[in-house]
Amino acid sequence: MEQYSVTGMSCAACSARVEKAVSAVPGVTSCAVSLLTNTMGVEGNAASADIIKAVENAGYGASVKGSEKASSSDDVLADKATPLLVKRLIASLILLVPLMYLSMGHNMFGAPLPPFLAGNCAALGIAEMLIAGVIMVINQRFFVSGFKGAIHGAPNMDTLVAMGSGVSFLWSAAVLFDITAAVQAGDHSRAMSDTMNLWFESAAMIVTLITVGKTLEAYSKGRTTDALKSLMKLAPRTAYVERGGKETVIPAEQVRVGDIFIVRPGESIPVDGRVLSGHSAVDESALTGESIPVDKSEGDSVSAATINTAGALRCEAVRVGEDTAISKVIAMVSEAAATKAPIAKTADKVAGVFVPAVIGIAAVTLVIWLIVGQSVGYALARAISVLVISCPCALGLATPTAIMVGSGVGAKNGILFKTAVSLEQTGKLQIIALDKTGTITSGTPEVTDIITFGASEDELLTAAASLEHLSEHPLAKAVLRYAESKGIAPKEIGELKILSGSGLTAKLDGKRLYGGNAKLVGAKADIPAEALTRAEQLAESGKTPLFFASDGKLLGIIAAADRIRPDSAEAIKQLKAMGLRTVMLTGDNKRTAEAIGAQAGIDETVAEVLPDGKDAVIRELQKYGRTAMVGDGINDAPALTRADIGIAIGAGTDAAIDAADVVLMKSSLSDAAAAVRLSRAVYRNIRQNLFWAFFYNVIGIPLAAGAYIAAFGWELDPMFGAAAMSLSSFCVVMNALRLNLFKPYRYDRDKAAKDALPADTKLDIELPERTVTLRIEGMMCPHCEATVKKVLEQFPEVESAAPSHEKGIAVLRLRSELAHLEEMRAAVENKGYKVL
């Protein structure tokens, strides 16, 4: 999506006009215009020059974002509108005081007029006209923008203001001519009567009150980007780098990949890097929302904009500029604000026809009051009231302000929504699928049980550590870590072999060691029934039992498990309280999966899912309702893309982040619940804003037109109409700012959505049959088939094998991921056949 800056927009009608003009450009596939940030996101292959020309033809200005003169991050979201509006407002108010004194003060409060104006109706009218004219010149932007839009066939809010104020001024000027004619004719009673029809103060008051509203609106709109501004200010301006053996201070943007930089206590880290030396604790709350500092030492990664709180660190720059984590966070929040939520489309359609419709209603109001016998002045007052009370801005700001504030609140808590669509839709989820490893569990197995049989614990750990220390398997690493924690070091071994069927064998001190599952070790050593029973119990509780034997004698069992994260069970409980159906996806066998699912409180478990099968599971779940997928790995990317909302947890891999719609910076499942909660709060705020915007216009326009005079005697002066208009947008923005007070982790008010799946809904998930075909040469008869079948079925991931000597193939039906292909090849070829 290419970003553009747009100038000249004043209301939702303007943004709708720009969007319509750009969408008509050949090659543009989608366009989203943000009135809040005056930006436009365009997708497609249309040339930038054609897009800019379309915007200019519509009566506005545009430029490719970033093509302007280089500016600092502070300038990107700097509030430049409010200071200008304040100056206009102060000047207008200073002149409005004497104008109101001349027009109303002496009548309402009996205040004396200056001697040179007392009794001189024409001079009084001229004085009012001159002051009102100056105020209108000060606020000329309404007239320039309004009539420019009308000329281009795109009337906007400024058009309504310009028409209301301009008609008031022109009517008063016409009355002033009649006053001078009456004075010249000596008809002083007529002249005095005409002064009651002078509306110069209304013309000036309308533009002044609208400026009040615009000033409040600009200030509050600036507040909506406070979170983004605070993120931008976090990155330090300078960095201490080593150049030529000396420490040099340079601007942070000049740091290059590979540079060595120094960070002292209390300083912010300038770029993403890797610690070369030193030890410290780093406050990463800017990125993750986690307030507790994280220990950093040699080899650990550090991120830009985080704060070094303790010792000095010497680091190597890994990612700089726009590639740093904080820059990606800022880009995600900015892009979310530049996109449109589905709920905004209705408001945009209304805003596109709103101004012409209001002008039509004002014209009809004028005609009707003239037909029923009212004076031209009275009919004009009603028509002007209709023009100035109508407010399309509230419609245009209802959604983007809530989206911007909600995105900012999320960013402060380490929850990043990539688009407005994801921010709106996350709260509407019905099912949430959770990858087990790294999401529900920590992703790192740990030893949980040591059970010895005829050997001491030290003997068992020494044998296990010696046998496993050359293996890269996660379970082997868990055994090694546990042995090291007990002060036991592995011994040198010889004749190490990887056995088909998931096991190892080697010689230690002249004795043959075996390690692996019960089936493999049981073929080499006697396993007591008690050991098998204990292993069964361990497996039922979600643990993996590893058997170790020496010279035909069982040494013992070491059980390891990928532990459930401390907050996973509570997070799942919160998700269920909000009415979401929780589903766990894992490649584990069904018994282990159900044990872990029960510990975590999961509604449904889907076991024996291969990495490439997660996509199919999500497709099945989507038959029952809107589904999210939470994962962190490369193999989760297809499922994250397939899901209605993809959520990458713990920052995950780059592939997962690219595929996801929501990124959780912390490795905490509680953030997934917080994301749903925040999404619902934002959607609720948007609906409140839209209700107010529609309600205000539905009630206000008939009131201004005089529709309630007969029934209730309610009549609206144009000045009060302008005051109401000026406050309507302010109210919408202030309501959106309430989201800054929202607490995403507060769960005591959670409740299920009305469209949540019934608790008794059975999720029948049909996994596609997982098969692999091996082409095998040398099989001549059914006996050969039986030999190959026996060899292949000893591997744990093979549920069944169906060799065919006629076709020269063996079709394997898998129960889990194919993990021992090379071992299978070796085992088959040891029997005299060749795997092609």
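These are my notebook entries on a few helices and one serine in this structure.

**Entry 1: confidence**
I noted to begin with that the model is predicted. I looked up the confidence for the protein chain and found a mean pLDDT of 83, with 91% of the residues at 70 or above, that is, scoring at least 70. I then checked the elements: helix 3 (residues 73-76) has the lowest mean pLDDT, 50, and helix 22 has the highest, 93. I also looked at residues 69-73, where pLDDT stays under 50. For that stretch the model has three contacts beyond four places in sequence.

**Entry 2: helix 22**
I went next to helix 22, which covers residues 568-577. Which of its residues are buried? I listed Ser 568, Ala 571, Ile 572, Gln 574 and Leu 575. Seen down the axis of helix 22, these buried residues fall within an arc of 160 degrees, so they line one face of the helix. I recalled that an α-helix has 3.6 residues a turn, so residues three or four places apart point the same way.

I then looked up what the buried residues of helix 22 pack against. The strands are strand 15 (431-435), strand 21 (553-564) and strand 22 (581-585). The helices are helix 17 (436-440), helix 23 (590-600) and helix 27 (670-705). Past the end of helix 22 I found Gly 579, which has a positive phi near 90 degrees.

**Entry 3: helix 21**
I checked the length of helix 21 (residues 529-540). Its twelve residues reach 17 Å from the first C-alpha to the last, close to the 16 Å expected at 1.5 Å a residue. The buried residues of helix 21 are Ala 531, Ala 535, Leu 538 and Ala 539. They fall within an arc of 95 degrees when I look down the axis of helix 21, so they line one face of the helix. On the face turned away from the buried side I found the exposed residues Ala 529 and Glu 530.

What do the buried residues of helix 21 pack against? I noted strand 16 (441-452), strand 20 (544-550), strand 21 and helix 23. Just after helix 21 comes Gly 542, with a positive phi of about 85 degrees.

**Entry 4: Ser 172**
I ended with Ser 172, which sits in helix 7 (residues 157-185). Is Ser 172 buried or exposed? Ser 172 counts as buried because its relative accessibility is 0%. Leaving out residues up to four places away in sequence, I found that Ser 172 touches Asn 197, Leu 198, Trp 199 and Phe 200.

Conventions
Residues are numbered from 1 along each chain as its sequence is written. This is a predicted model: local features need pLDDT of at least 70, side-chain atom pairs count only at pLDDT 80 or more; totals for chains, interfaces and linings use all residues. Side-chain values use heavy atoms; hydrogens and water are left out. Buried means under 20% relative accessible area, exposed over 50%, partly exposed in between (1.4 Å probe, protein chains only). Helices (H or I, at least four residues) and strands (E, at least two) are DSSP runs, numbered from the N terminus. The arc is that of the directions from the helix axis to the C-beta atoms. Contact means heavy atoms within 4.5 Å. The expected span of a helix is 1.5 Å times one less than its number of residues. pLDDT is the predictor's confidence in each residue, from 0 to 100.
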